[in-house]
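Thanks, everyone. Have the sequence and the structure up on your screens. I'll start with one term, then walk through the model.

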Amino acid sequence: MVYMQNSGLGNAMNPLLSLAARQVCGVPMLLLVGWRGEPEGAADEPQHQRQGAVTLALLQACGLRHALLEHEASRCWAQLDEAVQQAKYLGEPVALLVRRGLFSSSFGDGCVRAAGLAGGLAREQALEACIDALPSDAVTVTTTGMAARELFEIRARRGMDHALDFLAVGGMGHAAAIAFAIAQARPRRCVVCLDGDGAMLMHMGALSHCAQAANLLHVVINNGAHDSVGGQPTAAAALELGRFASAAGYAHVASVGEAAELRGVLGELLQRRGSSFIEVRCVKGSRADLGRPRIPPRINKERFMSAIGAAGVHQEAP
Ligand SMILES: Cc1ncc(C[n+]2csc(CCOP(=O)(O)OP(=O)(O)O)c2C)c(N)n1
């Protein structure tokens, strides 16, 4: 069984169609797909609305059998059995869509949450330390999930402008590639990618490019989990991420676990020429009252482009 949010369907499309499909290898599997941005469901963020609106059509277009997991627990079990039988009989993937809140309402919130990494630095404190140490004209690209929300709030709290922050609210795993392209296009600017361990692992191929950008600073907050969506553990809890960075060719690599240490290392690396990578070992968790960016993604992008002198590359939003 493969469990994913519907935004993960894009990543899965190629292996599903080019490998698992009946016409190729014919791999029976169950896809359990969380349906964010369901048109009939509760209001959701812009990055989920577009994906949510086309989720059924995508499954349809891929010729994948699919059904909506029902609310009643006994029916769920029957549907799971049926889907597994179908996948085996047909020799291909079968998808079950999961509506928001279904597991907690049908099964109670008995989910087991994995323990965080040892140590006490929270992601938000790590981001505060970054903002303390970075020059005010540094350009930042922040990964999908709570990191972007926290960065937005830190700026707001400090009365700072958001114009040099691009928040990659969707496209998980691509913040590093975006930061790399900006670093290439603006070689005199300091470009900083504020990333997560899950995001880094998802599209790790980007590291080989990022390492080539002398003005790029890649900060990966390693809480050993997909913290933003329930804290599912990632393999990063047991990995030294800096070793990947060194192997990919980053000029400078560090690993820290405290805010003061992070500020110190940032100060030091900002003086040096060459790409830098810092792993920040953090614990899971966020403030219960964490808000959401009040600037829509499209406006964020336009202000950001204008702030780095890239406005006019394409038309403003209608
Ligand atoms: C392609 C894709 N898959 C899944 C998601 C759902 N999602 C949003 S944030 C997130 C977790 C990110 O984990 P990590 O990068 O470790 O950052 P953390 O949440 O721990 O700060 C996931 C899985 C998504 N937005 N896009």
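I call a residue near a molecule if its C-beta atom, placed from the backbone, lies within 6 Å of it. By that rule, 23 residues surround the ligand. G145, G196, G198, D227 and S228 are the closest.

Some ground rules. This is a predicted model: local features need pLDDT of at least 70, side-chain atom pairs count only at pLDDT 80 or more, and totals for chains, interfaces and linings use all residues. Numbering starts from 1 along each chain as its sequence is written.

Back to the ligand. Which elements give two or more residues to the shell? They are α6 (146-157), α8 (197-202) and β9 (225-226). Helices here are DSSP runs (H or I, at least four residues), strands likewise (E, at least two), numbered from the N terminus. α8 gives the most, with three residues. By class, the shell has six nonpolar, 14 polar and three charged residues. Nonpolar means Ala, Val, Leu, Ile, Met, Phe, Trp, Tyr, Cys and Pro; charged means Asp, Glu, Lys and Arg; the others, Gly among them, are polar.

Now the domains. There are two: domain 1 (2-107) and domain 2 (123-307). Those bounds come from an automatic or database domain assignment. Their C-alpha centres lie 31 Å apart. Five residues from domain 1 and six residues from domain 2 make the contact; contact means C-beta atoms, placed from the backbone, within 7 Å. The ligand shell draws at least three residues from each domain.

Next, the largest nonpolar core, with 60 residues. A core is a set of buried Ala, Val, Leu, Ile, Met, Phe, Trp, Tyr and Cys residues joined through C-beta atoms within 7 Å. Buried means 20 or more other C-beta atoms within 10 Å; exposed is 12 or fewer, and partly exposed is in between. Helix α7 (residues 175-185) gives this core its largest share, six residues. A126 is among the members that touch the most others. Beyond four places in sequence, A126 contacts L121, I221, A259, L262, V280 and C282.

Look at S275, in the loop between α11 (259-270) and β12 (276-281). Is S275 buried or exposed? Buried, because S275 has 26 C-beta neighbours inside 10 Å.

Last, confidence. pLDDT is the predictor's confidence in each residue, from 0 to 100. The chain averages 93, and 94% of the residues score at least 70. Over residues 111-118, pLDDT is below 50. Where pLDDT is low, the predicted coordinates should not be read in detail.

Terms used:
Contact = placed C-beta atoms within 7 Å.
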